[in-house]
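Please open the model in your viewer and keep the sequence panel beside it, since each stop below suggests something to select and then describes what is found there.

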Amino acid sequence: MSLSAKSVVSFTLNGEPVEVMVSTGRYLVDVLREDLSMMGTKRSCDQGVCGTCSVLLNGRLVSSCLTLAVRAEGAEVTTIEGLGSLEEGLHPLQESFASHGATQCGYCTPGMIVSAVALLEENPDPSEEEIKHWLTGNLCRCTGYQKIIDAIRAVAEGRTEPGPEAEVEIVKAYEE
Ligand code: FES
Ligand code: FES
């Protein structure tokens, strides 16, 4: 099949069934952003290095810039929008990133949080070293990482402190 051949891909996106016509060679990050308006999923390096495009595919962390959209057929895809929102309640990691100042420009934040969700699923009580090791696939040019690590540790330890103003900032960052 040529890369420009098209096929219909059906999958569950953040709990809702979706169906999109995609070229066989198209990547999931593009379909999420351009066809399905999931702008929280970012793209940057296009090489599986920066982690900004991280999503969960059947609960497994993947780089959507390296994942062909056709691989989502029949799968459950979770993006940052599916984890929580101001309207429906934030995920504890979203709250913790906001209250720890772990978001500055916000570009890396969705990928960081999706990655952290996968980490805590696999290891609910990671040490600081384990968090650092896990996040080697997520780059941040702003925070210096310590606040991100602190935010994840706080959730692992059951300490999260919602901060309404910070929450608004974090959600704004997703929408760009
Ligand atoms: S854009 Fe996918 S890892 Fe950088
Ligand atoms: S907060 Fe700016 S890149 Fe991480």
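Begin with the whole chain coloured by secondary structure: read along the sequence, the protein chain follows the pattern β-β-α-β-β-β-α-α-α-α-α-α, which comes to 7 helices and 5 strands. Helices (H or I, at least four residues) and strands (E, at least two) are DSSP runs, numbered from the N terminus.

Before going further, note that this is a predicted model, in which local features need pLDDT of at least 70 and side-chain atom pairs count only at pLDDT 80 or more, while totals for chains, interfaces and linings use all residues. Residues are numbered from 1 along each chain as its sequence is written, chains are lettered from A and ligands numbered from 1 in the order in which they are written, and side-chain values use heavy atoms, with hydrogens and water left out.

With the whole chain still in view, colour it by accessibility: of the 176 residues in the protein chain, 47% are buried. Here buried means under 20% relative accessible area, exposed over 50%, and partly exposed in between, with a 1.4 Å probe and protein chains only. Contacts, meaning heavy atoms within 4.5 Å, can be sorted by distance along the sequence, and among those with a separation of 6 or more, 58% join residues 24 or more positions apart.

**First stop: the start of the chain**

Select K6, which lies in strand β1 and is exposed, with a relative accessible area of 59%. Which residues is K6 in contact with, leaving aside its neighbours within four places in sequence? They are M21, V22, S23 and T24; K6 and S23 are 17 residues apart in sequence, yet their C-alpha atoms are 4.2 Å apart in space.

Move on to S7, also in strand β1, which is partly exposed with a relative accessible area of 23%. Once its neighbours within four places in sequence are left aside, S7 is in contact with V20, M21, V22 and V70, and the C-alpha atoms of S7 and V20, 13 residues apart in sequence, are 8.2 Å apart in space.

**Second stop: two loops**

Most residues other than glycine have a negative phi, and most peptide bonds are trans. Select N14, in the loop between β1 (6–13) and β2 (16–23), where phi is near 50 degrees, a positive value in a residue other than glycine. N14 counts as partly exposed, at 23% relative accessibility.

Next select D46, in the loop between α1 (28–35) and β3 (54–57); D46 is not a glycine, but has a positive phi of about 65 degrees. With a relative accessible area of 37%, D46 is partly exposed.

**Third stop: the nonpolar cores**

A nonpolar core is a set of buried Ala, Val, Leu, Ile, Met, Phe, Trp, Tyr and Cys residues joined through side-chain atoms within 4.5 Å. Select L93, F97, M112, I113, I148 and I152, which have the most contacts inside the largest such core, a set of 23 residues. The elements that give two or more residues to this core are α2 (80–83), α3 (92–99), α4 (109–122) and α6 (146–156), and α4 supplies the largest share, 8 residues. This core draws at least three residues from each of domain 1 (6–83) and domain 2 (92–174), where the domain bounds come from an automatic or database domain assignment. A second, separate core has 18 residues, including L13, V20, L28 and L57.

**Last stop: helix α3 and its partners**

Is α3 buried or exposed? Of its 8 residues, 6 are buried, so α3 is largely enclosed by the rest of the structure; the buried ones are L93, Q94, E95, S96, F97 and A98.

Add α6 to the selection: P92, L93, S96 and F97 in α3 meet I148, A151, I152, A154 and V155 in α6. The axes of α3 and α6 come within 9 Å and cross at roughly 135 degrees, where axes are lines fitted to C-alpha atoms, for helices over the stretch in contact, and angles run from 0 to 180 degrees between N-to-C directions. The two helices α3 and α6 are therefore oblique to each other, given that angles under 35 degrees count as roughly parallel, over 145 as roughly antiparallel, 65 to 115 as roughly perpendicular and the rest as oblique.

Finally, show α4, where T109, M112, I113, A116, V117 and L120 meet L93, Q94 and F97 of α3. The axes of α3 and α4 come within 10 Å and cross at roughly 130 degrees. Just after α3, look for G101, which takes a positive phi of about 65 degrees.
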